[in-house]
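Hi everyone, thanks for making the time this morning. I'd like to walk you through one model, from its overall layout down to a few local details.

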Amino acid sequence: MANPSFAARSYRDDAVVLRTHKLGEADRIIILLTKHHGQVRAVAKGVRRTSSRFGARLEPFMVADLQLVSGRTLDVVTQAVAKGAYGTAIASDYTCYTAAAAMVETAEKLSDADADSGTAQYNLLVGALASLSRSAHPPELILDSYLLRALATGGWAPSFTDCARCGTPGPHNAFSAPLGGMVCSDCRPPGSPAPAPETVGLLGALLTGDWTTADASDGVHRREAAGLVASYLQWHLERSLKSLKHVERS
Ligand SMILES: [Zn+2]
């Protein structure tokens, strides 16, 4: 007998698969970032059977149009239509894969902490995964740009020009993750790193999406920028990102 409330509990949304884990013999729990319902944890039944029609659409980094039924603790995925099959291209390149893994891990933490920015976080993540899958830019730059913009969307916008603490117009020489970016000589905490001006310029370009500047940057500045992005991210998430340690830096 049909559950009379089944239709009422049914909803449709676009989603990115952030992470999956096994449930029982044939099922999988899927952690999703949806476009309109924030972060959703759902069960996909029977997807680990080879006969499953939608198993391949519910792998990490895939974007799909989903039909779901809300449940008490977990929702249930009843249909999945692929929208962006980024998983295959991303998984074929180790650097791309580790960059994508760090992105979805960050997206999971940010969308868990702040449900209000869900649609903006969804759009940012889908854009970054699409960019990775077509090798639009070096993967480590796509990752760092994504991380800076995701943090900004989550309410932790860094400043790379004016002093992050007092607002004195820049450029400034010192970087402080706790204070929110570049800081002036008066606000600079002892021991703050002093990145190269080119690195600060690269960070600003990654935050604003100025790819002409970012793509023209040198490896030494990319590595320095990556270290500052990682320290900024870790400070503001208050938890270290396991995936970041595995990203290969060229
Ligand atoms: Zn200052």
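One definition before we start: when I number helices and strands, I mean DSSP runs counted from the N terminus, with H or I over at least four residues for a helix and E over at least two for a strand. By that numbering, P171 is found in the loop between α5 (139-153) and β6 (174-176). The peptide bond leading into P171 from G170 is cis, with omega near 5°. Please keep in mind throughout that this is a predicted model.

Let's step back to the layout. The chain is divided into domain 1, residues 7-85, and domain 2, which is made of 91-157 + 195-244. Their centres, taken over C-alpha atoms, are separated by 25 Å. How many residues of each domain are in contact with the other? It's 14 from domain 1 and 15 from domain 2. On the domain 1 side of that contact, β1 (10-23) and β2 (27-34) each supply at least two residues. The residues on that side divide into seven nonpolar, five polar and two charged.

Now to the barrel. Five strands form a closed barrel in the order β1-β2-β3-β5-β4, with mixed pairing. On average, neighbouring strands in this sheet are turned by 50° against each other, direction ignored.

Let me go through some of the pairs. β2 and β3 (residues 39-44) run antiparallel and are joined by six bridges; I31, for instance, has R41 in β3 as its bridge partner. From β3 we go on to β5 (residues 75-84), and here the pairing is parallel, over three bridges. In that pairing, V43 is matched with V76 of β5. Then β5 meets β4 (residues 63-69), antiparallel again, through seven bridges, with L66 partnered by A80. β4 and β5 are joined by a hairpin of five residues. And a reminder while you look at these strands: in a regular strand the side chains alternate between the two faces of the sheet.

What lies across β1, β2 and β3? That's α3, running at about 120° to β1. This brings me to the packing. The largest nonpolar core has 70 residues, and V16, L32, A100, M103, L125 and L129 have the most contacts inside it. Helix α3 (residues 94-113) gives the most to this core, with 10 residues. Why does the core lie between the two domains? Because domain 1 and domain 2 both give residues to it.

L129 is a nice one to click on. Leaving aside residues up to four places away in sequence, L129 touches V16, F61, G84, Y86, I90 and A100.

F61 deserves a second look too. It sits in the loop between β3 and β4, and its phi is near 80°, a positive value in a residue other than glycine. Is F61 buried or exposed? It counts as buried, because it has 26 C-beta neighbours inside 10 Å, and the cut-off for that is 20 or more.

S135 also has a positive phi without being glycine, near 50°. S135 lies in the loop between α4 (118-133) and α5. With 12 other C-beta atoms within 10 Å, S135 is exposed, since the limit for that class is 12 or fewer.

That's my tour; I'm happy to go back to any of these spots.

Conventions. Residues are numbered from 1 along each chain as its sequence is written. A nonpolar core is a set of buried Ala, Val, Leu, Ile, Met, Phe, Trp, Tyr and Cys residues joined through C-beta atoms within 7 Å. Domain bounds come from an automatic or database domain assignment. Two residues are in contact if their C-beta atoms, placed from the backbone, lie within 7 Å. Ala, Val, Leu, Ile, Met, Phe, Trp, Tyr, Cys and Pro count as nonpolar, Asp, Glu, Lys and Arg as charged, and the others, Gly among them, as polar. Two strands pair if DSSP finds at least two bridges between them. Axes are lines fitted to C-alpha atoms, for helices over the stretch in contact, and angles run from 0 to 180 degrees between N-to-C directions.
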